[in-house]
Amino acid sequence: MDNTGFNSYFHENQVLCCQNDRVSRELTQEMGVKTGLRDVNGEGVLAGRTSWSCI
């Protein structure tokens with residue numbers, strides 16, 4: 001698919017993507033996923049500058 005195809009796909013599905021681009025807080029807590037650079041208490045967390053970070 002060339003850029004025109006991608007642009008067309010994203011344009012046609014923009015509303016659908018915007019409505020479904022969030023992951024629930026409950027699911028992130030259940031799976032132990034950190035969101036952003038803060039934990040669930042709002043405290044800052046350490047992050048490295050490598051491609052993989054242990055938070």
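**Exercise 1. Surface**

How much area does the protein chain expose, and what percentage of it do carbon and sulfur atoms supply?

*Solution.* Keep in mind that you're working with a predicted model. Start with the total: the protein chain exposes about 5500 Å². Then split it by atom type, and carbon and sulfur atoms turn out to supply 53% of that area. Now look at burial: of the 55 residues in the protein chain, 4% are buried.

**Exercise 2. Fold**

Work out which secondary structure elements the protein chain has, and their order.

*Solution.* Count by type: you get three helices and zero strands. Read from the N terminus on, the order is α-α-α.

**Exercise 3. Salt bridge**

Find the salt bridge in the whole structure and say how exposed its arginine is.

*Solution.* The search gives one salt bridge. Its partners are D21 and R22, with their closest N and O atoms 3.9 Å apart. The cut-off asks for a nitrogen within 4 Å of a carboxyl oxygen, and this pair makes it at 3.9 Å. As for the arginine, R22 has 73% relative accessibility, so it counts as exposed.

**Exercise 4. Cysteines**

Decide how many disulfides there are, and check C17 and C18.

*Solution.* The count is zero disulfides. Take C17: its nearest cysteine sulfur belongs to C18 and sits 6.9 Å away. A disulfide needs two cysteine sulfur atoms within 2.5 Å, so C17 is in none. From the other side, C18 is in no disulfide either, with the sulfur of C17 as its nearest at 6.9 Å. Finish with accessibility: C17, at 38%, counts as partly exposed, while C18, at 52%, counts as exposed.

Terms used:
Residues are numbered from 1 along each chain as its sequence is written. This is a predicted model: local features need pLDDT of at least 70, side-chain atom pairs count only at pLDDT 80 or more; totals for chains, interfaces and linings use all residues. Side-chain values use heavy atoms; hydrogens and water are left out. Helices (H or I, at least four residues) and strands (E, at least two) are DSSP runs, numbered from the N terminus. Buried means under 20% relative accessible area, exposed over 50%, partly exposed in between (1.4 Å probe, protein chains only). Accessible areas come from the Shrake-Rupley method with a 1.4 Å probe; for residues, only the protein chains shown count as cover. A salt bridge is a side-chain nitrogen of Lys or Arg within 4 Å of a carboxyl oxygen of Asp or Glu.
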